[in-house]
Every structure is written in C-alpha cells, then in structure tokens.
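Q: Could you walk me through this model, starting with a sheet and then moving on to a pocket?

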Amino acid sequence: MRRGWYRKSFGSEERQSTYSPLLISLSTKPSVLGRKTLALASIITGKLVGVLPKRGVLIVGTSQQRITVNLVPEILVLEKAIREVKRMIDADKEAFFRLNNHCSECTFSGSCRKKAVEIDHLSLLSGISDKELKKFNGKGIFSVTQLSYTFRPRRSRKTVPTVKNNYALRALAIREKKTYIVEQPKLSTPSTLVFLDIEGLPDRDFVYLIGLLVIKGGERKVFQFWADSENDQEKIWRQFIDVIDKLEDFVIYHHGNYDSVFVKKMQVQYGNLNGIPVSESLINTLSLLYGKVYFPSYGNGLKEIGTFLDFHWRDAKASGMQSITWRLQWEQHFGEEFKDRILEYNHEDCEALALLVAQLKKFAEETKAESVILCEKLKRQNLYGWGKNTFAFPELEFINNCAYFDYQHEKIFWRTSNEVKKEPEENQDATTKDAG
C-alpha cells in the first residue's frame with residue numbers, strides 16, 4: 001500500500017492518508033473491464049476504510065507494464081449505477097429485461113435465456129439494439145411471434161439492393177421453421193475445400209490453436225497446431241502455411257472476422273512462405289448469410305445453425321467462452337483433459353462449418369424442398385388492397401366483423417343505379433307538393 005495525503009472526498013479539503021489499489025491482468029493492454037474492476041474494488045475497499053482513492057495501478061501483460069488509472073470518472077459512474085440498482089431493489093420492481101452481448105460472460109445467462117424463451121422476448125434475436133427494441137415496442141410488438149406477422153415481401157428492383165438484416169423475416173423463419181432465401185449464395189467450386197477455425201485469448205491478443213479440415217475428393221484430413229505460449233505463435237503460423245502451400249485450387253472457409261484478422265496480422269508480421277497472401281483465399285461464411293439466408297435460428301452463430309442442421313457437439317456446453325476457461329485451466333495445471341476438450345471442440349467446429357457450406361451449396365443448386373422458400377417467389381401483399389382479410393387471432397376477426405356491421409349502417413352508396421336515383425327524386429317531389 002502506498003501512503004500519501006489527499007482530500008477525503010473528491011470535493012473536500014480535509015486531508016487523510018490514502019492508497020492506490022493495484023490489479024494484475026494478463027491482458028496486453030488496459031481494457032475497459034480492467035478499469036471498471038479496479039474502480040469497483042476501490043468502492044468496496046473504500047466502504048471498509050472510509051477513504052476512496054483517486055488513482056489505481058494496472059499491471060498488464062507478461063512485461064508487467066505499470067499503468068496509472070484515474071479512478072474518479074469510473075467511480076462516479078459505478079456509484080450512480082449502484083444507487084439505481086438499490087432503488088430498484090427497494091421499490092421491488094423488475095428492471096428492464098433484455099438479453100445483451102455480455103450474457104455469455106454472466107453466471108445467470110442460462111436462467112435469463114430460459115425466461116426470454118418463455119416470454120418469446122425480442123432480444124432473443126441476435127444483434128437487435130435497444131433503439132430497435134424501443135421502436136418495435138412503440139408499435140405494440142413485444143415478442144418474436146408478433147414481429148413475424150409484420151413481414152411483407154417487397155417489390156423486386158433492378159438496382160442492387162442494400163444488404164440489411166431483416167428481423168421480421170428472421171422471426172417468420174423461426175415461427176414457420178423454414179429457411180428463407182433473399183439471395184441465393186454464390187460459391188466457387190474448387191477441387192479442395194479448407195475449413196479454418198482458430199482458438200485464442202482475445203484479451204492477451206494470443207492465438208494458441210489453428211484447426212484445419214481439408215476435404216479433397218471425399219478424403220478428409222485434420223490438422224491442429226497448438227501453441228504452449230506466446231513464443232510459439234510464429235511456429236504454428238509456419239505450420240499452417242506449410243499445409244496451405246502444398247494445396248492447389250482451394251478456398252478457405254471460416255466463420256466470423258476473428259480468423260481473418262489473425263491471418264492478416266500474421267501475414268504482416270511473419271509473411272508467407274510462398275509469397276502469396278493467404279487472405280486472398282479466405283471466404284467468411286457470415287458474408288454469405290447476412291441479409292441473404294435466414295435459417296430458423298435467432299442468429300447466424302455457427303452453433304445455432306449447426307444445431308438446426310442436426311449437428312451435435314459432444315459437449316453441449318462447449319463454446320468460445322468455455323474454451324477460454326479450459327485454456328486458462330490448462331495453463332494452471334497442464335492437464336491433458338483440458339487440452340483434449342479444446343482440440344475436440346475445435347475439430348467439431350470445423351465439421352459444423354463444412355456442413356454449413358454443403359447446405360449453402362444445395363441452396364445454390366436447387367431450392368425445391370418445402371422447408372426452403374425463395375423470397376422473390378413470395379406473393380407481394382398490399383396492406384391497402386381489396387379482398388378478405390386474414391387475421392393472426394380469431395378475436396381480431398370478430399372485432400373486424402363487428403366494425404363491418406357498424407359500417408353497413410353508415411356507408412355511402414354511389415348513385416349509379418337507376419333504382420337508387422329514382423327513390424331520392426320521388427321523395428323530393430312529395431316534399432315539394434306538401435310545401436305547396
């Protein structure tokens with residue numbers, strides 16, 4: 001503990017002894033999470049000793065670099081959040097419920113997701129923002145099923161449309177358990193297909209495993225290159241390049257940007273053995289799905305789509321976040337069981353990716369299956385056209401029939417019929433005689 005003199009609070013003139021909290025992190029650079037963790041620890045410690053520190057120290061990376069952090073802004077924000085949470089607890093009211101990107105890191109993610117599925121919450125749709133949620137809620141749409149009834153096929157245009165994620169169409173695919181295709185995927189047909197999946201520790205900027213599944217002429221080969229430490233990262237990159245260098249007429253499929261960012265970084269840092277950039281052969285399957293193909297899943301995650309395609313991971317809890325935990329456990333104990341779990345999970349991801357690409361190729365060749373629907377063949381619906389309305393609920397049809405009954409009493413007839421014209425003229429003549 002480092003001692004000194006400073007003001008008791010951020011605005012007080014009274015001086016007291018103080019201290020600087022210290023946090024050791026394996027991250028190569030200071031992160032937002034590290035700053036907030038340091039600030040939260042300072043608040044807890046401050047409650048015990050009666051003094052809040054102004055600054056803290058982060059020690060990051062293997063180089064043990066010391067970084068001084070100004071804790072005042074972070075503490076003020078956290079204290080405001082703590083007061084708000086306390087107010088909600090005292091009022092015995094539930095906070096605004098929704099799933100978010102941090103759910104995978106939370107201990108309560110399972111129970112929250114179960115609740116979201118029970119109420120069919122809109123936040124189940126991957127990528128939906130708070131702004132979009134409020135927009136749908138303002139229209140009276142609170143569930144995925146409700147949103148699915150808002151989809152309307154659009155008129156096809158000659159110009160190339162902007163690719164957007166249509167949440168209503170995804171909701172419709174989930175409700176009907178069918179795959180909707182806005183644009184058929186275009187895939188090249190090389191003689192060799194390579195499926196890439198890498199595992200790493202993002203906070204340390206360290207990739208420790210490169211997994212490959214190579215398929216040529218029905219023959220499948222698996223390659224996995226493991227790094228014990230950051231010093232082995234160049235070694236596994238060279239091993240990866242050695243395999244790629246021996247292939248001809250190939251493409252490399254991967255799912256997400258994490259893999260491509262790593263490949264481009266390694267090319268700049270270590271280069272290619274044959275001088276040809278590997279990144280030119282990469283194809284991100286997310287680019288083939290986003291806004292173009294809608295599987296009946298809440299998002300385009302490989303595990304969600306793989307499960308729909310009837311692919312099952314041996315460990316149901318296996319995920320990218322879980323693999324990080326296994327890696328950290330391996331670094332602590334060097335237990336082979338943790339390494340085996342990571343290798344198995346990595347290989348299964350490559351197999352699931354191969355299954356996804358095979359399915360996309362089927363979509364490119366034909367779409368005759370009843371469970372696959374081309375959006376361009378959907379009949380365009382006009383909300384204001386003539387015809388019998390169809391309703392999602394029988395109660396709405398009853399309300400509409402009652403409204404139509406009232407309309408029958410007050411509707412206006414166009415006087416085009418001779419019978420309709422004749423009646424007003426007779427009434428007018430009778431009125432004239434009475435007046436005379």
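A: What follows covers a sheet with its packing helix and then a pocket, and the model is a predicted one.

Q: OK, in what order do the strands of the open sheet come?
A: The open sheet is formed by 3 strands in the order β3-β4-β5, and the pairing within this sheet is mixed.

Q: And why is one side of β3 and of β5 left without a neighbour?
A: β3 (22-25) and β5 (65-70) stand at the edges of the sheet and each has a single partner strand, so one side of each has no neighbour there. On average, and with direction ignored, neighbouring strands of this sheet are turned by 25° against each other.

Q: In which sense do β3 and β4 pair?
A: β3 pairs with β4 (residues 55-60) in the parallel sense, over 4 bridges, and leucine 22 stands opposite valine 57 of β4.

Q: Which helix packs on that sheet?
A: Helix α1 (residues 32-49) does, touching β3, β4 and β5, and the direction of α1 makes about 135° with that of β4.

Q: Switching to pockets, how much space lies in the second largest one?
A: The second largest pocket holds about 2000 Å³ of space, and its lining consists of 47 residues, with Ser104, Gly301, Glu304, Ser319 and Gly320 lying nearest the centre.

Q: Which elements give two or more residues to that lining?
A: Those elements are the strand β7 (192-201) and the helices α3 (109-119), α8 (257-270), α10 (302-308), α11 (320-333) and α12 (336-365).

Q: How do the lining residues divide by character?
A: The lining of the second largest pocket comprises 19 nonpolar, 18 polar and 10 charged residues.

Notes:
Residues numbered from 1 in each chain as written. Predicted model: local features only at pLDDT ≥ 70, side-chain atom pairs only at ≥ 80, totals over all residues. Heavy atoms only, no water. Pairing = 2+ DSSP bridges. Axes fitted to C-alpha atoms, helices over the stretch in contact; angles between N-to-C directions. Contact = heavy atoms within 4.5 Å. 1 Å grid on protein atoms, 1.4 Å probe; cavity = no way out; pocket = protein on both sides within 12 Å on 5 of 7 lines; lining within 4 Å. Points joined across faces, edges and corners; volume = space filled by probe spheres on them. Nonpolar A, V, L, I, M, F, W, Y, C, P; charged D, E, K, R; others polar.
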